[in-house]
Amino acid sequence: MKNIAVPCCRRAVLVCGSCLLLLLMPLRAAFGAAPVPADEAARVLHDARGLPPPRADETGVVPAGTPLTTPPLEAPASPGPLAAPPEGVAESSGKETLTPEERRTLESACETARKKGDIAAMRSALEQLARKGDARAMNRLGLIFDRGLGAEPDAGRAVYWFARAAAAGDPAGMANYGRMLQQGKGVSPDAREAARWLYMAAKQGQREAQYNLGLMYERGHGVPKDDKAAAAWYSRAAAQDQPEALARLGHFFRTGTGVAKNIPRATLLLYGAAMGGNEDAIRELKELAAEKPAKTQAVMFGQRLDATDRPSMRKALRTAGLRPTRETDGYVCDVYDPAGKVPGAAQVAACYGPARGETPARLGFLKIDYPASGPEFVQRLNAMMAERFGPAAAGEAGDAKLWNLGDIVIATQYMPDHRQVGLMYMVPEVYHLTQAR
């Protein structure tokens, strides 16, 4: 099951595991709301938010904000078996007793320690906050023990602080406590109790709890097996860009599990997860591509894009006559002036994952920008791409299309506010590595 992370103090919740914020987006947002400066090109897909969740009358999936059709689980009791702290752990007061000045001082110390990477000092500040009843600090302290940051992992201390955070009403604490119960880490496994705590967090919008609860419904673990309920919770988590939920919901739409089968929607969902490096989604995109007649491989400038690297691509682009405006290993993207060598294009950017020892950096994506005064250009571009690669696998009316070739995903996008059309060739196995740099 997926765990959650909060780095320190009152900062926003961040998702760990893949630790990438690759989001499912409508294709019209895939290239950002403005022309992307070269230095920002590798983060272009991170600037948008998710597709609206599916409508219940269309797919049977319950969207976020809709009352559940599945009877809600009863509210759990406080974690009574953990009333006494493990040996060496100071007891929490159970209610917050911080003064505003104390909070500011301790949160400042926590943030300073986090920036310095001083886990001991961060833990000390969090312990003081937690002992005075700060529920978020309790959860963060649990994460330190759970992951063994600065010391060996200690499941007993982790589950104690997660339980205290859960009892104090912190959704992240509820989600983590439910996860520990489900996994039997530091506490006897109890799937039913885990599901109840996850439900408490999920109904408050905690996306990791929503995903984990969907997983329990899919597996029938702690709750009755119910694919529709699983799809409902995956839908809610996916609408908040939870990567694993995107992949599972994409699989559901591909197979018609708990929802009406819908391959274009499945492709979009799997695409969103695959661009974040989700291996299951990458595999399923390849499987979907293999189900259709073989298509022409994505070859540009004499290079097969899913199998080229930085030195090879640089040589190919220069040989083709493109003038580099930046070719620097310290940047994710090399940028080129097409200078008439790519008809109608204003700029070409080739972006790479990290080099691995003696292995050169692989191409993550190639982006070509075209000036366009109206939608006619992208319509002509879409027609050209369809002629070469077959019908689009997914897309919106007229101005945004996506082709799934398995090893390559291609997207076109018209941005009328900026009179620009983007064409992007993405390598799912590498793309997410361009975002982590």
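Helix α10 makes a good starting point in this predicted model, since its length can be checked with simple arithmetic. At 1.5 Å a residue, the 13 residues of α10 (residues 243-255) should span 18 Å, and the end C-alpha atoms lie 19 Å apart, so expectation and model agree. The helix is also mostly covered, with 10 of its 13 residues buried. The buried set consists of Pro243, Glu244, Ala245, Leu246, Ala247, Leu249, Gly250, Phe252, Phe253 and Arg254. Charged side chains therefore appear in this set alongside nonpolar ones, as Glu244 and Arg254 show.

The loop between α9 (227-238) and α10 holds a residue worth a look, Asp241. Its phi is near 65°, a positive value in a residue other than glycine. Asp241 has a relative accessible area of 5% and, because this is under the 20% cut-off, it counts as buried. A positive phi outside glycine turns up again at Arg419, where the angle is near 50°. Arg419 sits in the loop between β11 (409-415) and β12 (420-426).

Further along the chain, attention turns to a helix pair. The axes of α11 (residues 263-274) and α12 (residues 279-290) come within 8 Å of each other and cross at roughly 140°, and the crossing is left-handed. On the α11 side, the contact involves Ile263, Thr267, Leu270, Tyr271, Ala273 and Ala274. These residues meet Ala281, Ile282, Glu284, Leu285 and Leu288 of α12. By class, the contact residues divide into 9 nonpolar, 1 polar and 1 charged. For the spacing of such contacts, it helps to recall that an α-helix has 3.6 residues a turn, so residues three or four places apart point the same way.

Helix α12 also contains Ala290. Is this residue buried or exposed? At 61% relative accessibility, Ala290 is above the 50% cut-off and therefore counts as exposed. The C-alpha atom of Ala290 is separated by 8.3 Å from that of Leu405, although the two residues are 115 apart along the chain.

The nonpolar interior completes the picture. The largest nonpolar core comprises 82 residues, of which Leu126, Tyr177, Leu213, Tyr234 and Met426 touch the most other members. Helix α7 (residues 191-202) gives this core its largest share, 9 residues. Apart from this core lies another, of 32 residues, which includes Tyr336, Leu366, Phe389 and Ile408.

How values were computed: Residues are numbered from 1 along each chain as its sequence is written. This is a predicted model: local features need pLDDT of at least 70, side-chain atom pairs count only at pLDDT 80 or more; totals for chains, interfaces and linings use all residues. Side-chain values use heavy atoms; hydrogens and water are left out. Axes are lines fitted to C-alpha atoms, for helices over the stretch in contact, and angles run from 0 to 180 degrees between N-to-C directions. Helices (H or I, at least four residues) and strands (E, at least two) are DSSP runs, numbered from the N terminus. A crossing is left-handed if the near helix is turned anticlockwise from the far one by less than a right angle, and right-handed if clockwise. Contact means heavy atoms within 4.5 Å. A nonpolar core is a set of buried Ala, Val, Leu, Ile, Met, Phe, Trp, Tyr and Cys residues joined through side-chain atoms within 4.5 Å. Buried means under 20% relative accessible area, exposed over 50%, partly exposed in between (1.4 Å probe, protein chains only). The expected span of a helix is 1.5 Å times one less than its number of residues.
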